Amino acid sequence: MTTPPGRPADRPAAVIGGIGASLPPRVVTNQQVIEHGALDTSTDWITSRTGIHRRRLAGPDVGTGDLATAAARAAIDSAGPAGPRPDLLLLATTTPDRPCPATAPEVAHRLGLGPVPAFDLAAVCSGFLYALTTAAALLRSGTCQAPLVVAAEKYSAIIDPLDRDTAPLFGDAAAAVLLRRGDAAEPGALLETDWGSDGAGSDLIAIAGGGARLPATVGLRREEQYFRMRGRPVYAHAVRRMAASATAVLGATGWQPGDVRAFIGHQANQRILDAVADRLGIPPRHRFGNIREVGNTAGASVPLALADAAARGVRPPGAPTLLTAFGGGLTWASATLLWPDAPVRTAPPEPRPHTLDHKEVGTP
Ligand code: ACO
């Protein structure tokens, strides 16, 4: 479903005014992943089939909220002292720090944002673009003025190190953008979005246990405790859905594929990214990503790749940009925007204080 098109002048635009990212410092190579799980695979297989060479993994003392807080604070810093104060926090994650409550309110508290609305959104690897679409709609409606969109994942907490189908693929990270009201012609303006889902494929990417259907208390089998993915059918869905969604959002924007100067897709697999871009007809010189260095960071993948490319200054502000993602659910989403003009800030994860300041609870 593509959001209703509207001429830029018809409505306020959501503009990216700040970009932040956070990566755990520990670099883990493919060889280390293989040795850790005694996996029946090879570094050659992993690099040639996925494009992944290494990833960053967080230690046991770092949670998703710690990554999210660091990336979100970096996005606020990126917007500078004249930037807006966030008045809503949306956290895209499928690795929340606990099933209940959501991680977002604690992140907002740690950022000192006061009593702003804060909630988690779970759309797996499409999470950031789902959250961006939601935040932009809330901004355009006047519900908020400066939503902070954070995507943070600690997949190392849900991946089975003994599973060769998934252990080599994932990494931990967070990235965030701070939106503000602006003009659809200025750098960073979000133009159109497209999103969708197909729950018929909900078993293709899943953690079977730990929820209401199969609670953790029943004593789960190993394959029910961890994230599992049926790679081959997911691959086919990913290529088809991202290409279709990207085509839809380009059409809504009034762009041809040849107009796109920056294409960033979900960093799941370099072959999938190439297949989608080839189908669309976007040449390699306009494709950007960092899968080689960070692997698949799920919901954080698209904003992390955007932050990486923006920090390297690969495109001038205002360049026509296409983002697309696909993930569990099944879900997919795409967006067109003008390349942002915000200095990217990065920060290491912020370890959670041992005890939050409960004295503040309930005080105005
Ligand atoms: N090492 C060696 N062999 C392997 C490995 C491995 N790590 N993994 C699978 N194989 C084997 C398979 O068993 C299979 O063997 P067979 O031919 O004897 O049956 C063979 O390699 C080919 O298997 P495929 O699954 O077809 O391998 P493929 O080339 O598709 O690569 C991969 C697997 C990397 C998982 C790929 O399918 C993929 O990237 N899938 C999609 C990932 C994705 O887009 N995810 C979406 C978002 S993720 C999220 O939402 C959290």
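Helices (H or I, at least four residues) and strands (E, at least two) are here DSSP runs, numbered from the N terminus. The model is a predicted one.

**Backbone features in loops**

On that numbering, P101 belongs to the loop that runs between β4 (88-92) and α4 (104-110). The peptide bond joining C100 and P101 is cis, with an omega of about 0°. A further cis peptide bond leads from G329 to L330, where omega is near -10°; L330 is situated in the loop between β12 and β13 (331-338). A38, although not a glycine, has a positive phi of about 50°. This residue, A38, is placed in the loop between α1 (30-37) and α2.

**The ligand and its surroundings**

The ligand occupies the second largest pocket. Its surroundings comprise 28 residues, the closest being T41, R49, C125, N269 and R271. Classified by residue type, the shell around the ligand consists of 14 nonpolar, eight polar and six charged residues.

Several secondary-structure elements take part in this shell. At least two residues each come from α2 (43-50), β10 (227-229), α7 (231-253), α8 (270-280) and β12 (320-327). Of the contributors, α7 gives the most, namely five residues.

Oxygen atoms of the ligand have polar partners in both side chains and backbone, as tabulated below.

| Residue | Protein atom | Distance to a ligand oxygen atom |
|---|---|---|
| R49 | N or O atom of the side chain | 2.7 Å |
| R232 | polar side-chain atom | 2.7 Å |
| G328 | polar backbone atom | 3.0 Å |

On its own the ligand has 1,000 Å² of accessible area, and the protein covers 77% of this.

**Salt bridges**

Side chains of opposite charge can pair when their charged atoms come close. The structure contains 18 salt bridges. One of them links R222 with D160, and the closest N and O atoms of this pair are 2.6 Å apart. Because R222 is part of helix α6 (residues 222-225) while D160 lies in the loop between β6 (147-154) and β7 (172-182), the pair ties together parts that are 62 residues apart in sequence.

Methods. Residues numbered from 1 in each chain as written. Predicted model: local features only at pLDDT ≥ 70, side-chain atom pairs only at ≥ 80, totals over all residues. Heavy atoms only, no water. Near = heavy atom within 4 Å. Polar contact = N/O pair within 3.5 Å; in protein donor to acceptor, adjacent residues only side chain to side chain. Areas by Shrake-Rupley, 256 points an atom, 1.4 Å probe, with all protein chains shown as cover. 1 Å grid on protein atoms, 1.4 Å probe; cavity = no way out; pocket = protein on both sides within 12 Å on 5 of 7 lines; lining within 4 Å. Sits in = over half its atoms within 2 Å of the grid points. Nonpolar A, V, L, I, M, F, W, Y, C, P; charged D, E, K, R; others polar. Salt bridge = Lys/Arg side-chain N within 4 Å of Asp/Glu carboxyl O.
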